[in-house]
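Here is a short set of exercises to work through with the coordinates open in your viewer. Try each task before you read its solution.

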Amino acid sequence: AHSAGPACVVIAPDRNRQGTNSLLIKPPGAIPFQFGAGSFLRHTRSARDAGLPLTIVDDPNLALDIDLPEDLPLVAHLL
């Protein structure tokens, strides 16, 4: 059964707006999951192509990625 409420896609990109750090798709499976570099753009295009309302959440906490040693200072204050 599909969840109640309107269909939508909500995306929280990484801080470089390249990857997707958080993704809500309603109903599930309405667009395909994308992975890797460029997934943010691919998710936004998929949502628009499917005619789904799209919300982009730019949140510093959700945008935080630790992919490289250079990223460690970004979380040093959390330790």
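**Exercise 1. A glycine in a loop**

Find where Gly-51 sits and decide whether it counts as buried or exposed.

*Solution.* Start with the position: Gly-51 belongs to the loop between H1 and E3. Next comes the accessibility. Keep in mind that this is a predicted model. Gly-51 has a relative accessibility of 59%, and the cut-off for exposed is over 50%, so Gly-51 counts as exposed. As a distance check, take the C-alpha atoms of Gly-51 and Pro-27: they are separated by 13 Å, while the two residues are 24 apart along the chain.

**Exercise 2. The peptide bond before a proline**

Work out which residue is joined to Pro-27 by a cis peptide bond, and in which loop Pro-27 lies.

*Solution.* Look at omega: it is about 0° for the bond between Lys-26 and Pro-27, which is a cis peptide bond. Then place the proline: Pro-27 is in the loop between E2 and H1. For context, most peptide bonds are trans.

**Exercise 3. The overall layout**

Describe the order of helices and strands in the protein chain, then its extent and its surface.

*Solution.*
1. Count the elements: the protein chain has two helices and three strands.
2. Put them in order: along the sequence the pattern reads β-β-α-β-α.
3. Take the extent: the C-alpha trace spans about 40 × 25 × 20 Å along its principal axes.
4. Turn to the surface: the accessible area of the protein chain is about 5,300 Å², and carbon and sulfur atoms account for 59% of this.
5. Finish with burial and contacts: 27% of the 79 residues count as buried. Of the contacts between residues at least 6 apart in sequence, 37% join residues at least 24 apart.

**Exercise 4. The core and the patch**

Which residues make up the largest nonpolar core, and which form a nonpolar patch on the surface?

*Solution.* Begin inside. The largest nonpolar core has seven residues: Val-9, Ile-11, Ile-25, Ile-31, Phe-40, Ala-47 and Leu-52. Strand E1 (8-13) and H1 are the elements that give two or more residues to this core. Now pick one member, Ile-31, and list its contacts, setting aside neighbours within four places in sequence: Val-9, Ile-25, His-43, Ser-46, Ala-47, Ala-50 and Leu-52. As a general background, nonpolar side chains in soluble globular proteins tend to be buried together.

Then move to the surface. Ile-66, Leu-72 and Leu-74 form a nonpolar patch there, and together they have about 250 Å² of accessible area. Leu-72 lies in the segment after helix H2 (60-63). Leu-72 counts as partly exposed because its relative accessibility is 47%.

**Exercise 5. Two polar residues in helix H1**

For Ser-39 and Thr-44, find the backbone atom that lies by a polar side-chain atom of each.

*Solution.* Take Ser-39 to begin with. Ser-39 is in helix H1 and counts as buried because its relative accessibility is 2%. A polar atom of the Ser-39 side chain is 3.0 Å from the backbone nitrogen of Thr-20. Not counting residues up to four places away in sequence, Ser-39 touches Gln-18, Gly-19, Thr-20 and Gln-34.

Go on to Thr-44, which is also placed in helix H1 (residues 39-49). Thr-44 has a relative accessible area of 4%, so Thr-44 is buried. Here the partner is the backbone oxygen of Leu-41, 2.8 Å from a polar atom of the Thr-44 side chain. Leaving aside neighbours within four places in sequence, Thr-44 is in contact with Ile-11, Leu-54 and Ile-56.

**Exercise 6. The salt bridge and a positive phi**

Identify the side chains that meet in a salt bridge, then examine phi of Arg-17.

*Solution.* The structure holds one salt bridge. Its partners are Asp-58 and Arg-17, with an N to O distance of 2.7 Å. The pair links distant parts of the chain, 41 residues apart: Asp-58 is in the loop between strand E3 (54-56) and H2, and Arg-17 is in the loop between E1 and strand E2 (20-26). Asp-58 counts as exposed because its relative accessibility is 55%, whereas Arg-17 at 37% is partly exposed.

Now the backbone of Arg-17: phi is near 55°, a positive value in a residue other than glycine. In general, most residues other than glycine have a negative phi.

Definitions and conventions: Residues are numbered from 1 along each chain as its sequence is written. This is a predicted model: local features need pLDDT of at least 70, side-chain atom pairs count only at pLDDT 80 or more; totals for chains, interfaces and linings use all residues. Side-chain values use heavy atoms; hydrogens and water are left out. Patches are made of residues with over 30% relative accessible area and no salt bridge: like charges are joined within 9 Å, nonpolar side chains (Val, Leu, Ile, Met, Phe, Trp, Tyr) within 5 Å. Accessible areas come from the Shrake-Rupley method with a 1.4 Å probe; for residues, only the protein chains shown count as cover. A salt bridge is a side-chain nitrogen of Lys or Arg within 4 Å of a carboxyl oxygen of Asp or Glu. Helices (H or I, at least four residues) and strands (E, at least two) are DSSP runs, numbered from the N terminus. Buried means under 20% relative accessible area, exposed over 50%, partly exposed in between (1.4 Å probe, protein chains only). A polar contact is a pair of N or O atoms within 3.5 Å; within protein, one must be able to donate a hydrogen and the other to accept it, and residues adjacent in sequence count only if both atoms are side-chain atoms. Contact means heavy atoms within 4.5 Å. A nonpolar core is a set of buried Ala, Val, Leu, Ile, Met, Phe, Trp, Tyr and Cys residues joined through side-chain atoms within 4.5 Å.
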